[in-house]
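The exercises below are meant to be worked through with the sequence and the structure side by side. Try each task before reading the solution that follows it.

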Amino acid sequence: MSRVEQFGSRWGLVLATLGMAVGTGNIWRFPRIAASNGGGSFLVAWVVFLLLWSIPLIIAEFAFGKRARKGTIGAFVEIGGPKTAWMGAWVAVCATAIMIYYAVVSGWCLRFLAASLTGDLTSSAGASEALWTTFNSSWAAVLTQGLALAAALAVVWFGVRGIERVATILIPTLFVLVVILAIRAVTLPGAERGLAFLFTPDWSALAKPDIWLQALTQNAWDTGAGWGLILTYAVYMRAREDVALNGFLIGFGNNSVSLLAGIMVLCTVFAINPGAQAEIVGAGNEGLTFIWIPQLFAQMPGGAVFMVLFFLALSFAALTSLISMFELATRVLIDAGLSRRVALFGLGAVAFVLGLPSALYIEVFQNQDWVWGVGLMLSGLFIAIAAIRFGVDRLRTEVVNGDGADLRIGRWWTIAIIALIPIQAIALIVWWLVVAYQSNPEGWLDPFSPFNVGSVLFQWAIVLVVLLLANRWLVRRLSGPPSDTSPPKGGEVIP
Amino acid sequence: MTTEAIVIMIVILTAVWGGFGFFLTRAILSERGKRHD
C-alpha cells in the first residue's frame, strides 16, 4: 500500500509555499527593477501581472498536485496525458538546474551572514567589496555551496513534516525581520526620497512594452509560479484542502514581501548615500546586495545589528526556496521508484558536482541563471498546455472549486489559462531572446557565450531532444499509484 | 514627495498588503468554520 505524507495543517502548506516563493529575487531584484523601470508606473504593471500570470498559474499548480498526487512528470502524465511527460520533465529539469546554481547563491548569503556576525563587513570602508571579490568564484564559495546543500538535504530528509516545521519557524521570522528592516529604513532621515523614487509614476513609461515585460518577468521569477514547486508541495495537501484562496494568499503574500524589501532597500540607499543611487541600483543583484548594502548599513546608526538581520532574512529566504527545489527533484525520483534516502543522497552529490562550475566561475553562474531563468517561461507555457489538454473548465469545477474549496473561481481563470498565459509566455521568451540578440548581434548564435540566444537554444535543444526521446520511458517509469513518500525515519504518515 | 506619488503609494500598498490581509483573514475564518463543523 502506498503511504502519502500530508501537511499537518493549512498553515503548514501556506508557510512552506510562501517560503518557496519568497527568495532572494524579492530582496535583491525587485527593488532594483522597480527603481529602474519607472517606479510607480512599474508597480501598477507589476500588480496587473500578479493577477494575469502568477495567481492563475499558482492555482493551476495547486490543482495539478492535488489531483495527481505526483511530482511534475507524473502530474503531467495524469493531467495532460502520456504525450506530455516530456513537458513535466522539462519543468523538473529547469527547476533542478536552478537549484544547482541557487545552492551557490544560498552559500553566498550564508558567508555574508557569517561576515556580518564577525564584523568583517564593517572593518574597513571597502571590506564588503574586498570580501566579495576574493570570495566569489573561489573554493570558499564551494564550501558554502556544500553547506547550503547539506542544510537543504537535512530538512528534506524528514519529508514534508520537516519542510513544514522549518517553514513554520523561518517564514514568520523572515516576515518580522523584513518589517523591522523596513521600519528602520523609513525612519532614517531622508528616507522619503527613497519612497518618492519608488512610488513616483512615469506614466509615459507605460506606453513602452519593456516596462510591462519587466513587470511580467518579475512576477514570473519571484512568485515561483510556473516552476513546478507549488505543484510539488500540493502533492502533500490534505484531501479537503482549498486551492484558489491559498493561491491568492501566496501571490499577495509574496508580493507584500517584495514591496517591503523595495521600501527597505531604496529608503536605505537614499537616506545614506543619495548621490550614488544610480550606481547602486545599476550594480546588479550581487553588487547591490554584497557590496553596497553592507557599505550602507555600516554608515547607519546601529547598522551592524541591522546588517546581521538583513543577511539573516536573505539566508532564510534563500534556504527555504532551495529546500522547495530539492523537494521537487526528490519527489520526481521517489515517483520513479527510489527511496527518499537514495534520492536525496544521489541528488545532493549530483547537485554539488554540477554546481562546482557556477561556484568557481561567476560567468558560468550568470549563464545558467540566464538560460534556465528564461526556461521558466516555457515551464509556465507547458503547465497551461497540460491544463488545456485536461480541460481547463473541468480542472476548475472538479479540483479548484471541488472538495474543500473556500473560494470558488469563475471562468476568468479558464480564459487566463487558455489565452493569457500562453500569450504572456511566448511574448516573454521572444522578448528576452530579442534583448539578448540586440546586446550581442554579431555573436548571437555562439553556443558558448554566457549571455546570448545561441547559449539558450543550445542548452534547451539538448535537454528537449533527450526528453522527447525518453518520453515513453518516462511514462512507463512514472505512471502508476503514488509511491511511498515517507521519510527514512520519523515523520508522520497517513496510511 | 509629490501628491501623485503619495496617491500611488497608498493605492499600491492598499492593493498588495490589503489584498494579503483580506485573503489571510478569509483563510483564518474558513479554518475556524471548518473546525466548528
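**Exercise 1.** In which helix of chain A is Ala215(A) found? Once the helix is located, describe the surroundings of Ala215(A).

*Solution.* Ala215(A) is found in helix 10 of chain A, which covers residues 209-222; helices here are DSSP runs of H or I with at least four residues, strands are runs of E with at least two, and both are numbered from the N terminus. Residues are numbered from 1 along each chain as its sequence is written, while chains are lettered from A and ligands numbered from 1 in the order in which they are written. This is a predicted model, in which local features need a pLDDT of at least 70, side-chain atom pairs count only at pLDDT 80 or more, and totals for chains, interfaces and linings use all residues.

The next step is burial: a residue is buried if 20 or more other C-beta atoms lie within 10 Å of its own, exposed if 12 or fewer do, and partly exposed in between, with C-beta atoms placed from the backbone. Ala215(A) has 26 other C-beta atoms within 10 Å, and is therefore buried.

The last step is to list partners, where two residues are in contact if their C-beta atoms, placed from the backbone, lie within 7 Å. Leaving aside residues up to four places away in sequence, Ala215(A) touches Phe42(A), Ala45(A), Trp46(A) and Phe49(A). By comparison, Gly162(A) is 53 residues from Ala215(A) along the chain, and their C-alpha atoms are separated by 34 Å.

**Exercise 2.** Describe the overall build of chain A, and explain why its radius of gyration agrees with that of a compact globule.

*Solution.* Begin with the secondary structure: chain A contains 21 helices and zero strands. Its C-alpha atoms fill a box of roughly 60 × 50 × 50 Å along the principal axes. The radius of gyration is taken over C-alpha atoms, and the globule rule is 2.2 Å times the number of residues to the power 0.38. For 495 residues a compact globule would have a value near 23 Å, and chain A, at 22 Å, agrees with this. Buried residues account for 59% of the 495 residues, and among contacts between residues at least 6 apart in sequence, 84% join residues at least 24 apart.

**Exercise 3.** Which residues touch the most other members of the largest nonpolar core?

*Solution.* A nonpolar core is a set of buried Ala, Val, Leu, Ile, Met, Phe, Trp, Tyr and Cys residues joined through C-beta atoms within 7 Å. The largest such core has 198 residues, and Met99(A), Ala152(A) and Leu322(A) touch the most other members. Helix 5 of chain A (residues 85-118) gives the most to this core, with 25 residues. Not counting residues up to four places away in sequence, Met99(A) touches Leu322(A), Met325(A), Phe326(A), Ala329(A) and Ala351(A).

**Exercise 4.** Which residues of helix 6 of chain A are buried, and what follows the helix?

*Solution.* The buried residues of helix 6 of chain A are Ser128(A), Leu131(A) and Trp132(A). They cover an arc of only 95 degrees around the axis, which puts them on the same side of the helix; the arc is that of the directions from the helix axis to the C-beta atoms. These buried residues pack against helix 5 and helix 14 (284-298) of chain A.

Just after helix 6, Ser137(A) takes a positive phi of about 60 degrees. Most residues other than glycine have a negative phi. Ser137(A) lies in the loop between helix 6 (127-135) and helix 7 (139-157) of chain A, and counts as partly exposed because it has 18 C-beta neighbours inside 10 Å.

Arg69(A) offers a second case, with a positive phi near 55 degrees, in the loop between helix 3 (40-68) and helix 4 (72-80) of chain A. Arg69(A) is buried, since 22 other C-beta atoms lie within 10 Å.

**Exercise 5.** How many residues does each chain give to the contact between chain B and chain A?

*Solution.* The contact takes 19 residues from chain B and 20 residues from chain A. The side of chain B that touches chain A divides into 13 nonpolar, three polar and three charged residues; Ala, Val, Leu, Ile, Met, Phe, Trp, Tyr, Cys and Pro count as nonpolar, Asp, Glu, Lys and Arg as charged, and the others, Gly among them, as polar. Chain B itself has one helix and zero strands, and its C-alpha trace spans about 50 × 10 × 10 Å along its principal axes.
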